[in-house]
Amino acid sequence: MSLEELTANLLEANHNDNTEDLLVLLQQMQEAASLPGDKSCLIGPVVKLLPSHNLDVKRRVYATLQKLCEENPDAALLAANCVIRDCRDPNPEVKCLGVWGISVLPPLLPLYAADILAVALGDSHPRVRRTAVTACGKVFSTAPGLLEDKGFVNRLYESIRDEDTLVVVQSLLVLDRALAPEGGVVVNRKLAQYLLLRLPHFQPPQLATVLQVLRKYTPKDRSRIVHSTHAAVVVNCAQLFVQLIEPGYPHLEKDVIVRCVPSLTTFLDSPDLHAQGYVLEFLQWTENRKTDWLSNFSKSWHLFCPEKKRNEFKTRNSPSDSIISNSLLQKKLLLLPRVCSVENASEVLRTLEEAAWDRSNDIFCRAHLDCIISLVERLPQPASSQALRLLIRFIGSRETVIVANALQALERLDVKKLPSDEVSPLLVAIVTSMDISKEILIEKKEDHLSAFPAILPELLSERRDVMSPQSVVHVMQALVTHLPQFIQSHAYTFASQILQSCINLFLKEPSSFQLILGRALHICVECAKVDNNKIDPGHYLAVQQLGKEAMWYYNLLRCDPSASLAKKVFGL
């Protein structure tokens, strides 16, 4: 097909609004525009098709126009009005085509490029801004000096701070190429800190470009970035270094710790709540790493503790600051056991003791007591014993809130790992805190926790030797007496623990616990005899499971009078 026939067919397809044929012919026209020879006959159809509202048509026409202008520059002037109109179109796709068209049509550059690109760089749509940055790079390469005189170098440096990460990366690349004779893009301290701050937002390909640009920064002081005045910069920088060295050089992480800990400590000690938040989130991230970061803060343990005394005359924080401060304190208490060492354990526990008596906030009271439990679990002797003694003291308090939180915190303890000389005062304190002579009325699901701590059945069965036999029997009788109430309040796990403790104690001392076990089995079996249609389905399934468990224990003991098989099952 000759160019004249192609031209005639294009105009006919456009007139008949035959989009499919038009796209095929446009593809042929693009290929023809790349061939040698006179192609001026294509200029007319291209200029006529450029205003099309079909984006596919418009894209192919712009591509063909670019090729035609290489040999016929005047064709760009014929299409100028339409290109400029596209640059102002509300559709960002059309606007992108117009902006790019300006940059690839040399005759239009001195007339319109600066004004069009200046507006496009500030467009509200990120895709238009990306196209504008790329178009600037094209103009820098085809017409050096045209945009520099208009201040576009500074404008592209401003685009580095764009909210869109692709605009940031493209701006860095364009500047690096445009300023190549001068050494490329200039990375000063503020720009380096800004890019480090935004590192988490870049996708891997973009991140690679940003890191390559950051290599251009040479601080006067080698520790300048690490000891930045911005917590987010230090945190992101440290996290980046750790991730980069992890595959092949994990031993270098200790050097990163040495460089970062002083700055992180400074931020934790600052009044800036957001800076503290960045550091605490980073330290929580390091908890799962093989290399220990938190022990390096042992000399600054007080930064992870609440204030010993509150100043009533201190300026009150805003509600938002109070919420942030409370959240930070909870994070600090979670990290404190990893920061604490044997050397400072006494001071840490003394501080926690003073803070935990503050009953103005039940959540923090519980957080302090949970922290003490973690210290019991993590610290070696004798520091762990000191922490347990402090917890026992809280259990003996007359304050209901403190006792309830202390008993709840005990649930995390592994009873079997506690030394015998520590279990005795703990068990005595728990039993003493209960008034088993009174009838316990459970009105709420949580009431059983304050009435009978969940750790009690396990303590009685595993460490009954630290109490007199009569006391153990008396406490177990009280637990079994209130077993229906525990089941009714949906405390199924606690009820199962009581049942298991009864079995365990019976196997060790049959004569003392035979009646107690029989009553516990009877209660669990009877509670399972309920009508499925009259109760909650979840409750029905739970009591059925508890009844099956009781029947299993009963059949195990019935078929084996010597209880040898049962003892083997329970590891006795």
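Here are a few notes on the helices, salt bridges and surface of this predicted model.

1. **Helix 6.** A good place to begin is helix 6, which covers residues 92-104. Its 13 residues reach 18 Å from the first C-alpha to the last, close to the 18 Å expected at 1.5 Å a residue. At the N-terminal end, N91 acts as a cap, with a side-chain oxygen 2.9 Å from the backbone nitrogen of E93.

2. **What surrounds helix 6.** This helix is mostly covered, with 10 of its 13 residues buried. Among them are V94, C96, L97, V99 and I102, and K95 is on the buried list too. If you turn the model around, look for the neighbours: the buried residues pack against helix 4 (55-71), helix 5 (74-87), helix 7 (109-121) and helix 8 (126-142).

3. **Helix 8.** Following that contact leads to helix 8, whose 17 residues reach 25 Å from first C-alpha to last, close to the 24 Å expected at 1.5 Å a residue. Its buried residues include V128, R129, A132, V133, C136 and F140. Their cover includes helix 6, helix 7, helix 9 (152-159) and helix 10 (165-178).

4. **A salt bridge at helix 8.** Side chains of opposite charge can pair when their charged atoms come close. D164 and R130 form such a salt bridge, their closest N and O atoms being 2.9 Å apart. D164 lies in the loop between helix 9 and helix 10 and R130 in helix 8, so the pair ties together parts that are 34 residues apart in sequence. D164 counts as buried because its relative accessibility is 13%, while R130, at 22%, counts as partly exposed.

5. **Other salt bridges.** The structure holds 14 salt bridges. E287 pairs with R338, the closest N and O atoms being 3.8 Å apart. That pair links distant parts of the chain, with E287 in the loop between helix 15 (273-286) and helix 16 (319-339), and R338 in helix 16, 51 residues apart. Elsewhere, E526 forms a salt bridge with K529, with 3.1 Å between the closest N and O atoms. E526 is partly exposed at 35% relative accessible area, whereas K529 counts as exposed at 58%.

6. **A charged network.** D56, R59, E93 and R127 are also worth finding, as these residues are linked in a network of salt bridges.

7. **A nonpolar patch.** Finally, have a look at the surface, where W552, L565 and V569 make a nonpolar patch of about 300 Å². W552 is found in helix 28 (residues 537-558) and counts as partly exposed, at 48% relative accessibility.

How values were computed. Residues numbered from 1 in each chain as written. Predicted model: local features only at pLDDT ≥ 70, side-chain atom pairs only at ≥ 80, totals over all residues. Heavy atoms only, no water. Helix = DSSP H or I, 4+ residues; strand = E, 2+ residues; numbered from the N terminus. Expected span 1.5 Å × (residues − 1). Buried < 20%, exposed > 50% of the residue type's maximum accessible area, 1.4 Å probe, protein only. Contact = heavy atoms within 4.5 Å. Polar contact = N/O pair within 3.5 Å; in protein donor to acceptor, adjacent residues only side chain to side chain. Patch = residues over 30% accessible without salt bridge, like charges linked within 9 Å, V, L, I, M, F, W, Y side chains within 5 Å. Areas by Shrake-Rupley, 256 points an atom, 1.4 Å probe, with all protein chains shown as cover. Salt bridge = Lys/Arg side-chain N within 4 Å of Asp/Glu carboxyl O.
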